[in-house]
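Keep your viewer open and a selection box at hand. We will go through the model stop by stop, picking residues and looking at what surrounds them.

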Amino acid sequence: MKIPSFKKFLLGCLFLLSTLAFGQNVEINAIDPNASEPGGNTGTFRISVTSSPSANVTVNLEVDAGSTALADADYNALPGSVVVSTPLGAGFVDVDVEPLDDSIDEDAESVIYNIIAGSYT
């Protein structure tokens, strides 16, 4: 009987600190860089905005083509954008990476989540 090994996801992120239109700084970090199946061990990316004159900032995101884990096969798809509430000029949103449990024996895989460059208001 073959017992599948636990699949682990190593969350990568392109550390991106950008001064965007209107002077906002947007940053993404993997604050919990490990996720695994089974058992619901999620990983977490944090998207932060500082120096914002707006109450809410929509940040556009994408999963990098260099990721080895596949959306909707290895983990639940991540959002293409998040709205960061910045009532005092700063705020953050956490995005969880939820692995999908399967019986396939796989090596460690990665999810690389990037901020899409652009003008944010």
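Start by selecting Ile-47 in this predicted model. Setting aside neighbours within four places in sequence, Ile-47 is in contact with Val-26, Glu-27 and Ile-28. Add Val-59, Leu-61, Val-82 and Val-84 to the selection, since Ile-47 is in contact with these residues too. Gly-91, Phe-92, Val-93 and Val-95 complete the set of contacts.

Now widen the view to the largest nonpolar core, which has 18 residues. Which members touch the most other members of this core? They are Phe-45, Ile-47, Val-59, Leu-61 and Leu-78. Colour the strands next: strand 3 (25-32), strand 5 (43-50) and strand 6 (56-63) each supply at least two residues of the core. So do strand 7 (81-85), strand 8 (90-97) and strand 9 (109-115).

Step along to Ser-48, which is also found in strand 5. Is Ser-48 buried or exposed? Its relative accessibility is 17%, and the cut-off for buried is under 20%, so Ser-48 counts as buried. With neighbours within four places in sequence left aside, Ser-48 is in contact with Asn-25, Val-26 and Glu-27, as well as Gly-91 and Phe-92.

While you are in this strand, recall a general point about side chains. In a regular strand they alternate between the two faces of the sheet.

Next, select Arg-46 and Asp-94 and show their side chains. These two residues form a salt bridge, with 2.7 Å between the closest N and O atoms. The pair links distant parts of the chain, as Arg-46 sits in strand 5 and Asp-94 in strand 8, 48 residues apart. The count of salt bridges in the model comes to 1. As background, side chains of opposite charge can pair when their charged atoms come close.

How accessible are the two partners? Arg-46 counts as partly exposed because its relative accessibility is 26%. Asp-94, at 35% relative accessibility, also counts as partly exposed. Keep Arg-46 selected and add Phe-92: Arg-46 lies over the face of Phe-92, at 3.9 Å from the ring centre.

For the next stop, select Phe-45 and Tyr-113. A search of the whole structure finds 1 aromatic pair, and Phe-45 and Tyr-113 form it. The geometry is tilted, with 5.2 Å centre to centre and 50° between the planes. Phe-45 belongs to strand 5 and Tyr-113 to strand 9, 68 residues apart, so this pair links distant parts of the chain. Both Phe-45 and Tyr-113 are buried.

Leave Tyr-113 on screen and look across to Val-63, which stands opposite Tyr-113 in strand 9. Strand 6 and strand 9 pair in the antiparallel sense over 3 bridges. Strand 6 also pairs with strand 7, again in the antiparallel sense, over 5 bridges. To find one place in that pairing, select Val-57, whose bridge partner in strand 7 is Val-84.

Finally, zoom out to a cartoon of the whole chain. How many helices and strands does the chain have? The secondary structure comes to 0 helices and 9 strands, giving the pattern β-β-β-β-β-β-β-β-β along the sequence. Of the 121 residues in the chain, 34% are buried. If you draw a contact map, take the contacts with a separation of 6 or more: residues 24 or more positions apart account for 70% of them.

Note on methods: Residues are numbered from 1 along each chain as its sequence is written. This is a predicted model: local features need pLDDT of at least 70, side-chain atom pairs count only at pLDDT 80 or more; totals for chains, interfaces and linings use all residues. Side-chain values use heavy atoms; hydrogens and water are left out. A nonpolar core is a set of buried Ala, Val, Leu, Ile, Met, Phe, Trp, Tyr and Cys residues joined through side-chain atoms within 4.5 Å. Buried means under 20% relative accessible area, exposed over 50%, partly exposed in between (1.4 Å probe, protein chains only). Helices (H or I, at least four residues) and strands (E, at least two) are DSSP runs, numbered from the N terminus. Contact means heavy atoms within 4.5 Å. A salt bridge is a side-chain nitrogen of Lys or Arg within 4 Å of a carboxyl oxygen of Asp or Glu. Two strands pair if DSSP finds at least two bridges between them. Rings of Phe, Tyr and Trp (its six-membered ring) pair if their centres lie within 6.5 Å; planes under 30 degrees apart count as stacked, over 60 as edge-to-face and the rest as tilted. A charge sits over a ring if NZ of Lys or CZ of Arg is within 6 Å of the ring centre and within 35 degrees of the ring normal.
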